[in-house]
Amino acid sequence: MSKCPIPVPILGMMLIIIAFSASCSRTPKGILSEEKMRQVLVDMQLAEAMINSDQGKYGPMDERMRLYQAVFDKYHLTKAEYDSSLIWYGKNLDIYMQIYEMAEADVKQRIEAIGDVKPEVTSQSSADSVDIWVYRKYYELSPDALVNTVLFDFQPDEPYSSGSIFLFGMNVWGLPLPSATETPIVVQLRAFQSDTIVSVKDTIRADGYHELMLRTISTKKVVRVYGYIRSDIRDVRYHKIYLDQLLMMKFRYGSQALEHLLAQPAE
């Protein structure tokens, strides 16, 4: 049987497609490819879920680092390579958010495959330290949105212990250069304790990881914790602001984890 030769024009087109496919990667040398970054992000999110679900086991930093290192070993990575990739993707947010959304969908699919997992608010109310955040871990603030506000409200079946301290944290990406007339992001936390409300407020003007701590009155149980994240930017020149890895840690008054946290020097 004679072989049918491929016409030269078609062969040339095939070579062009192959060459284009090999060169169309958007990541430079030394940076994790989009597919590998997606896989790593999936496992890192699962690692974070394990940490949040078992603060007793993964409370110490060395235990957390062992878990992260297991992810690095799985993909034959070093922490430096992972950090470098995060920095590059942080400067290329459109690519990063596409990958992050796919990774988030992968994680959701894995969780759904093992059954519906819901937070047990009652059992968390007396724990020494626990992440009580039950909302999305990622948000986009867009100039096209009618309202750029994220509301949150925690009302446990049993009140949180007296004197609980709440630590809100999140990564912020894509903030424009600050100006004197704008307050890019405002975060407020409030706690309701019988007849008393305590409140803290902060303004975020730069990219990076940010925390806000709310201390409650030590003699009253905490019935409710609530607040908001709001963008007041009205400048249409900015594209989007991304909020990532949101958490709300609750520390029981007098716990060792809290004492360790308060003993840390301020940056």
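Take helix H5 as a way in: its 13 residues, 79–91, should span 18 Å at 1.5 Å a residue, and the end C-alpha atoms sit 19 Å apart, which agrees. Keep in mind that this is a predicted model. The chain has eight helices and nine strands, and buried residues make up 37% of its 267 residues.

**Helix H5**
- The buried residues in H5 are Tyr82, Ser85, Trp88, Tyr89 and Gly90.

**The whole chain**
- Look at contacts with a separation of 6 or more, and 76% of them turn out to join residues 24 or more positions apart.
- The chain's accessible surface is about 16,000 Å², and carbon and sulfur atoms account for 57% of that surface.

**The four-stranded sheet**
- Four strands line up as E3-E8-E5-E6 in an open sheet, with antiparallel pairing.
- At the edges you'll find E3 (149–154) and E6 (196–204), each of which pairs on one side only.
- Ignoring direction, neighbouring strands in this sheet are turned by 10° against each other on average.
- E5 (residues 185–193) and E8 (residues 224–231) are antiparallel partners held over eight bridges; to find your place there, Leu189 has Gly227 in E8 as its bridge partner.
- On to the other pairing of E5: with E6 it runs antiparallel over nine bridges, and Gln188 is matched with Lys201 in E6.
- The hairpin of E5 and E6 has two residues between the strands, and Ser194 takes a positive phi near 50° in it.

**Nonpolar cores**
- The largest nonpolar core holds 29 residues, and the ones touching the most other members are Phe168, Met170, Ile185, Ile229, Leu243 and Met248.
- Elements giving two or more residues to this core are E2 (138–141), E3, E4 (165–173), E5, E6, E7 (208–215), E8 and E9 (241–251).
- What does Ile229 touch, leaving aside residues up to four places away in sequence? The list runs to Asn148, Thr149, Val150, Phe152, Phe168, Met170, Ile185, Val186, Val187, Leu243 and Leu246.
- Apart from the largest core lies another one, of 28 residues, with Val71, Ile99, Tyr100 and Ala103 among them.

**Two loop residues to look up**
- Tyr135 is in the loop between E1 (129–131) and E2.
- Is Tyr135 buried, partly exposed or exposed? Tyr135 counts as partly exposed, because its relative accessibility is 30%, and that class covers the range between under 20% (buried) and over 50% (exposed).
- Not counting residues up to four places away in sequence, Tyr135 touches Phe152, Asp153 and Phe154.
- Tyr135 and Val150 are 15 residues apart along the chain, with 9.9 Å between their C-alpha atoms.
- Ile217 sits in the loop between E7 and E8, and its 30% relative accessibility is why Ile217 counts as partly exposed.
- Leaving out residues up to four places away in sequence, the contacts of Ile217 are Ser162, Gly163, Gln193, Thr196 and Val198.
- For a distance check, go from Ile217 to Ser164: they are 53 residues apart in sequence, and 8.0 Å apart in space, C-alpha to C-alpha.

How values were computed. Residues numbered from 1 in each chain as written. Predicted model: local features only at pLDDT ≥ 70, side-chain atom pairs only at ≥ 80, totals over all residues. Heavy atoms only, no water. Expected span 1.5 Å × (residues − 1). Buried < 20%, exposed > 50% of the residue type's maximum accessible area, 1.4 Å probe, protein only. Pairing = 2+ DSSP bridges. Axes fitted to C-alpha atoms, helices over the stretch in contact; angles between N-to-C directions. Core = buried A, V, L, I, M, F, W, Y, C linked by side-chain atoms within 4.5 Å. Contact = heavy atoms within 4.5 Å. Areas by Shrake-Rupley, 256 points an atom, 1.4 Å probe, with all protein chains shown as cover.
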